[in-house]
Amino acid sequence: MMNRKLICGTGALTASLFAAMPAWAQEAAAAAPVPNPGNNAWMMTSTLLVLMMILPGLALFYGGLTRSKNMLSTMTQIGGVTALAMLMWVIVGYGLAFGPEGNQFISWGKFFLAGVTPDSTAATFTDEVISEYVFIAFQMTFSAITVALVLGSVVERMKFSAVMAFTVVWLLIVYYPIAHMVWEARGVFFVMGALDFAGGTVVHINAGVSALVAALILGKRKGYPAEPMPPHSLTLTFVGTGLLWVGWFGFNAGSALEANGSAALAMINTFVATASAALFWMLAEKFSGHKGSALGYCSGIIAGLVAVTPAAGNSGPFGAIVLGAVASIVCFIFVSKVKPALGYDDSLDAFGIHGVGGIVGAIGTGIVYAPSLGGPGGADFDMGGQLVTQVSAVAATIALSVVGTAIAIYIAKAITGLRVSPEVESDGLDIGEHGERAYN
Amino acid sequence: MKFIIAIIKPFKLDEVREALGAIGVAGMTVSEVKGFGRQKGQTEIYRGAEYSTNMLPKVKIEVAAPDDLAPKIVETIQQVASTEAIGDGKIFVLDLASAVRIRTGEAGDTAL
């Protein structure tokens, strides 16, 4: 979604001047940009689609993968951090990421949305504008899903209170700065020209790497990996996968910020890269001597969606198909071979799919952007130079995520103790943390 | 009277029920059970994590029958439920001391 300068509306001020100075007012009205209702409507729809990705999409996807005694805990943690991220966004998040004052690392101003009115507008990539409230809401859902994704590695053992404390610190020191650096016009990666259409670095690499660090500090689930911990409902995981795929059109095509040709390209790519990744994961299973599985199909879909996120409007459809296939195979090898060999407990593979798939997607975007491969890059596109830029943005994001997550987790540990007692972990977090059971 | 317990593969239940009906069995009790024998279990794989389950789903049929019908029942179940592969199950025959129909209080063979 790269970003553009925000143009503040002056509705209240000009309204009072209209009566006294009709001629001047007319001229000002002609100059003030007005959102195209079609674009506004698409961005409102996209915003809601991203919310649907979280609730119930991600909640069902992650919930089905946990054991039945932790179903409600998983869903409630996702719901809790989503609501918290929304409130933090309107209080400080928007100002820190997209505020009027700032430098290449952070911005400030517009805290508590000061000065934003229904007439305020945000620029898109063309001469069009959309309502600033819509832009704020759209970006708000991105911050919410990113922190919710991190939880995939720490479910079934982290306290609800610790999850909430972690979220406050992590959003402040990791998410808002990275969102500013990648998407805001003054941001360091934006200026470098890193290609990231819908948030491969900000959302997926960031969430995946943070998930890995959080899981390493938190430690393994009791009994992992000796004790069997199969998913309690792949049916719900499948339902959640479908909701994520549909919602992802808001995430990717919405990142064009208009209902235009760029959004159309992002849409077709979000279909075909994902379809390719779903089948290639099952093929990888088959070639490893196993059966093509439902969970493999779902995992492939997520890997494909993650990989096509930075490439959505930056690739031709056939580049996207190849990108989806490659990401799927790399993620399959990572979660089924590399992770067991390393022995850490990234419970639902938040790093294995979002981190690894995000890195493949971000670097791959520097390749599929080339016009010779059907991408939208210009004739003078320099693939070598672009790859250096892509890798630098990835490396810097990883460094920030690692340091910031470590700080956020240790602060959460100091405040809450971080991990539930062995007894609660054994009984399940549904009863231990929330006093309920998912199934009666 | 005899009490016959047969553990069979779930997909054979309908065939066994029909065959027993044809030789005059008037009732049976069926439950879904889990267990293992020579067929040790199966392997499940979730994103590369392999879990071997050592209990397999089976169906348990219980039939109470007069002494003269019991051998025919055992023979029928054995023939119909067999796939000639391990995991086909077992049949157990027990002596049955008494039987009472709750509605009428009838006892013995007439209660079956």
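User: In which helix of chain A does I398(A) lie?

Analyst: In this predicted model, I398(A) belongs to helix α14 of chain A, and that helix covers residues 383-416.

User: Is I398(A) buried or exposed, and how is that decided?

Analyst: The general idea is to count the C-beta atoms around a residue, with 20 or more others within 10 Å taken as the cut-off for burial. I398(A) has 20 other C-beta atoms within 10 Å, and therefore counts as buried.

User: Which residues does I398(A) touch once those up to four places away in sequence are not counted?

Analyst: Setting such sequence neighbours aside leaves I205(A) and V209(A) as the residues that I398(A) touches. A separation along the chain can also be set beside a separation in space: I398(A) and A198(A) are 200 residues apart along the chain, and their C-alpha atoms are separated by 18 Å.

User: Where is Q386(A) placed, and what are its contacts beyond four places in sequence?

Analyst: Q386(A) is also a residue of α14 in chain A, and it counts as buried because 20 C-beta neighbours lie inside 10 Å. Its contacts, leaving aside neighbours within four places in sequence, are with L195(A), G366(A), Y369(A) and F381(A). For one of these, G366(A), the C-alpha atom is separated by 5.6 Å from that of Q386(A), with their positions 20 residues apart along the chain.

User: How should I read a pair of helices, and at what angle do the axes of α6 and α8 of chain A cross?

Analyst: A pair can be read through the approach of the axes, the crossing angle, the handedness and then the residues that make the contact. Helix α6 (residues 160-183) and helix α8 (residues 200-218) of chain A have axes that come within 10 Å and cross at roughly 145°, and the crossing is right-handed. On the α6(A) side the contact is made by W170(A), V174(A), Y175(A), I178(A), A179(A), V182(A) and W183(A), while α8(A) contributes T201(A), V202(A), N206(A) and S210(A). By class, the residues of this contact divide into 8 nonpolar, 3 polar and no charged.

User: Why do contact residues on a helix often recur three or four places apart?

Analyst: An α-helix has 3.6 residues a turn, so residues three or four places apart point the same way. In the case just described, V174(A), I178(A) and V182(A) are among the residues that α6(A) brings to its contact with α8(A).

User: How closely do the axes of α4(A) and α6(A) approach, and what is their crossing angle?

Analyst: The axes of helix α4 (residues 71-98) of chain A and α6(A) come within 9 Å and cross at roughly 35°, again in a right-handed sense. The residues that make the contact include G80(A), L84(A) and M88(A) from α4(A), together with F160(A), M164(A), T167(A) and L171(A) from α6(A). The contact of α4(A) with α6(A) has 13 nonpolar, 6 polar and no charged residues.

User: How many residues does each chain give to the contact between chains A and B?

Analyst: An interface can be described by the residues on each side and by the elements that carry them. Here chain A gives 11 residues and chain B gives 6 residues. On the chain A side, the elements that give two or more residues are α11 (294-308) and α12 (317-342), and the largest share, 4 residues, comes from α12(A). That side of chain A consists of 6 nonpolar, 3 polar and 2 charged residues.

User: What is the span of α11(A), and how much of this helix is buried?

Analyst: The 15 residues of α11(A) reach 21 Å from the first C-alpha to the last, close to the 21 Å expected at 1.5 Å a residue. The helix is mostly covered, with 13 of its 15 residues buried.

User: What does the radius of gyration say about chain A and chain B?

Analyst: The radius is read against the value that a globule of that length would have. Chain A comes to 16 helices and 5 strands, and its radius of gyration of 22 Å is close to the 22 Å that the globule rule gives for 440 residues, so chain A is as compact as a globular protein of that length. Buried residues make up 56% of chain A. Chain B, with 2 helices and 6 strands in the order β-α-β-β-β-β-α-β, has a radius of 17 Å, whereas a compact globule of 112 residues would be near 13 Å. The C-alpha trace of chain B spans about 60 × 30 × 20 Å along its principal axes, and 16% of its residues are buried.

Technical notes. Residues numbered from 1 in each chain as written. Chains lettered and ligands numbered in written order. Predicted model: local features only at pLDDT ≥ 70, side-chain atom pairs only at ≥ 80, totals over all residues. Contact = placed C-beta atoms within 7 Å. Nonpolar A, V, L, I, M, F, W, Y, C, P; charged D, E, K, R; others polar. Buried ≥ 20, exposed ≤ 12 C-beta atoms within 10 Å, placed from the backbone. Expected span 1.5 Å × (residues − 1). Rg over C-alpha atoms; globule rule 2.2 N^0.38 Å. Axes fitted to C-alpha atoms, helices over the stretch in contact; angles between N-to-C directions. Left-handed = near helix turned anticlockwise from the far one by under 90°.
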